[in-house]
Amino acid sequence: MPSTEATNGIKGTNASSLKHGDEDIVIVGGSLGGLFAGVALKSHGYNTTILERTPTFLLENQGAGIVAGGDTIDFFNKYDRTGKPVAVPSFKRLYLNKKGDVIHEEVNRQNMTSWDLAYYLLRANYDRVYSDYLQGGKLPEQRPKDGKVNYRYGCTVTDIIDQRERVLVKFTRQDDSGNQVEDHLTTKLLIAADGPSSTIRSFLEPQIKRTYAGYVVIRGTVPETEASEASLSVFKERFCFFHAPGTQNLTYTIAGENGTTEPGKRLLNFVWYANFPEGSPELEKLMTDKDGRRRHITIPPGKIAWEAWEMLKSKADEILPPQMAEMAHKTKTPFVQCITDVISPKNLYMGDKVVLVGDALAGFRPHTVASTSQAAFDVMSLVKWLDGEIDRREFVKRVMEYARDVQAKGVRIGNRSQFETLEVKEYIEDRNMMSTPHKDIVFPEWTREGLDEI
Ligand SMILES: Cc1cc2nc3c(=O)[nH]c(=O)nc-3n(C[C@H](O)[C@H](O)[C@H](O)COP(=O)(O)OP(=O)(O)OC[C@H]3O[C@@H](n4cnc5c(N)ncnc54)[C@H](O)[C@@H]3O)c2cc1C
């Protein structure tokens with residue numbers, strides 16, 4: 001049945017049952033998407049509990065550069081109270097040929113941040129976690145109208161059950177003696193920010209699987225002081241690209257330790273897409289970690305097998321421009337991720353008591369540089385719906401047309417880049433298309449098909 005009214009008892013402006021009461025909105029996943037939700041909801045007076053499966057205080061430092069899209073910047077402009085800049089701007093894009101010569105140059109502002117800087121600024125805003133990333137900013141004070149917050153580690157959600165008015169959220173956690181125990185919570189609203197392999201989505205849409213796209217991304221960082229003059233001259237404060245059949249490499253400057261943007265203390269971040277066909281011996285070798293375990297999607301920093309890394313370095317020497325091959329040789333903690341596709345047909349479930357956001361809703365290919373922005377946008381739209389600024393129909397439309405459009409574009413430009421041989425200008429056009437500001441995107445009609453049924 002088409003519906004435009006929320007059925008979770010929240011109903012737009014009637015959010016009082018969630019606001020400032022004892023009720024907690026439960027957020028599954030405490031990475032950037034979950035923290036966006038926590039920070040925004042806190043600031044609008046909602047109480048939240050974040051359940052994060054990672055057992056330790058800090059999520060594994062992803063040590064990776066992130067292109068901060070417009071919605072990410074909008075989110076920080078709106079909700080950040082630390083006053084610390086989240087991004088380093090880069091003003092130029094360079095394209096290299098195999099010899100390492102610059103073959104194209106254009107002015108194009110892009111904001112670079114890093115996963116850990118964004119994470120720590122969000123933690124400071126959510127539950128006032130102090131870190132050295134706050135240098136130059138401040139730890140925000142709690143305001144009287146802020147909602148209550150609770151970030152719980154080591155809590156792995158194992159099931160959700162529709163109980164008409166509420167959702168029962170089952171999870172496991174460690175008790176004081178270190179034993180795994182079962183626990184549960186109930187809530188009127190559960191936000192699934194549990195990433196592209198979302199457990200919550202798998203309960204709701206078990207037939208939807210993450211599928212391998214036929215190539216991987218190899219990532220790593222090198223301190224700018226360790227780079228040669230030849231490399232620094234192209235990478236410093238630049239966004240630098242290289243394309244060849246089956247390969248794409250991007251290298252750029254990001255903030256260094258503790259988020260410092262001081263020249264000399266920053267990092268060069270390299271991102272190298274390379275084809276590894278499904279089922280090939282090379283893929284098996286690459287994805288088998290140093291302990292002999294075949295990893296499904298990610299080889300985290302420090303886990304790559306020596307033979308696999310040697311294989312990648314030889315490949316780098318063979319196909320990359322010398323400056324980019326140098327980065328592959330100099331990085332100390334490379335990590336590898338299989339590129340995958342996934343999208344859910346809907347963002348609302350269980351009578352609007354469960355909402356998927358960010359990668360849990362749609363896992364974009366990284367060429368879109370829009371994943372973090374999607375999470376920020378979904379959350380800002382959700383808060384507008386809860387506060388009655390937009391209605392349910394508008395909320396669904398905004399979030400779904402964006403998810404569908406960007407997900408499809410990512411598949412298209414990713415496949416063109418990895419599996420076709422194009423003129424440099426075509427790669428540039430694809431990339432520039434992904435830089436279109438969100439407000440200027442004209443979403444095709446098909447992205448709205450069937451939304452009234454959600
Ligand atoms: C190396 C790297 C580089 C990236 N580069 C870019 C970039 O350039 N631009 C960009 O926009 N984005 C980039 N991204 C993506 C970006 O970081 C994510 O899109 C963003 O963090 C939002 O993701 P998310 O919070 O929705 O999901 P995730 O970051 O995947 O987080 C999901 C969280 O849920 C937790 N979780 C999962 N299952 C459960 C469960 N059952 N119970 C409890 N907790 C659970 C996980 O432990 C994790 O903390 C990059 C990501 C990585 C890893």
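How many residues of domain 1 are in contact with how many residues of domain 2? In this predicted model, 22 residues of domain 1 are in contact with 27 residues of domain 2. The close-ups below begin with that meeting place and then visit three helix pairs and the ligand.

**View A. Domain 1 meets domain 2.** The domain assignment builds domain 1 from 15-81, 117-210 and 342-453, and domain 2 from 90-109 and 212-340. Taken over C-alpha atoms, the centres of domain 1 and domain 2 are separated by 27 Å. On the side of domain 1 that touches domain 2, the elements giving two or more residues are helix H10 (392-419) and helix H11 (424-434). Sorted by class, this side of domain 1 holds nine nonpolar, nine polar and four charged residues.

**View B. Helix H10 packs with helix H11.** Here we stay with the two helices named in the previous view. The axes of H10 and H11 are 11 Å apart, and the packing angle is about 160 degrees. Because angles over 145 degrees count as roughly antiparallel, H10 is roughly antiparallel to H11. H10 passes H11 in a left-handed crossing. If you would like to find the contact in the structure, look on H10 for Lys409, Ile413, Arg416 and Ser417, which meet Tyr427, Asp430 and Met434 of H11. By class, three residues of this contact of H10 with H11 are nonpolar, one is polar and three are charged.

**View C. Helix H7 crosses helix H8.** H7 covers residues 306-319 and H8 covers residues 322-330. Their axes come within 8 Å and cross at roughly 165 degrees, so H7 and H8 are roughly antiparallel to each other. The crossing in which H7 passes H8 is left-handed. From H7, the contact draws on Leu312, Lys313, Ala316 and Asp317, while H8 brings Ala325, Ala328 and His329. The contact of H7 with H8 divides into four nonpolar residues, one polar and two charged.

**View D. Helix H2 packs with helix H9.** How are H2 and H9 placed with respect to each other, and at what angle do they pack? The angle between H2 (residues 70-79) and H9 is about 50 degrees, with the axes 7 Å apart. H2 and H9 are therefore oblique to each other. Their crossing is left-handed. On the H2 side you will see Gly70, Asp71, Thr72, Asp74 and Phe75, and these meet Thr372, Ser373, Ala376, Phe377 and Met380 on the H9 side. In class terms, the contact of H2 with H9 has four nonpolar, four polar and two charged residues.

**View E. A shell of 36 residues surrounds the ligand.** The residues that come nearest to the ligand are Gly29, Gly33, Gly195, Gly358 and Ser371. Two or more residues of the shell are given by each of helix H1 (32-43), strand E3 (65-67), strand E7 (156-163) and helix H9 (371-386). Which element gives the most to this shell? That is H9, with four residues, and H9 is also the helix that packs with H2 in the previous view. Around the ligand, the shell is made up of 16 nonpolar, 15 polar and five charged residues.

Technical notes
Residues numbered from 1 in each chain as written. Predicted model: local features only at pLDDT ≥ 70, side-chain atom pairs only at ≥ 80, totals over all residues. Near = placed C-beta within 6 Å. Nonpolar A, V, L, I, M, F, W, Y, C, P; charged D, E, K, R; others polar. Domains from an automatic or database assignment. Contact = placed C-beta atoms within 7 Å. Axes fitted to C-alpha atoms, helices over the stretch in contact; angles between N-to-C directions. Parallel < 35°, antiparallel > 145°, perpendicular 65-115°, else oblique. Left-handed = near helix turned anticlockwise from the far one by under 90°.
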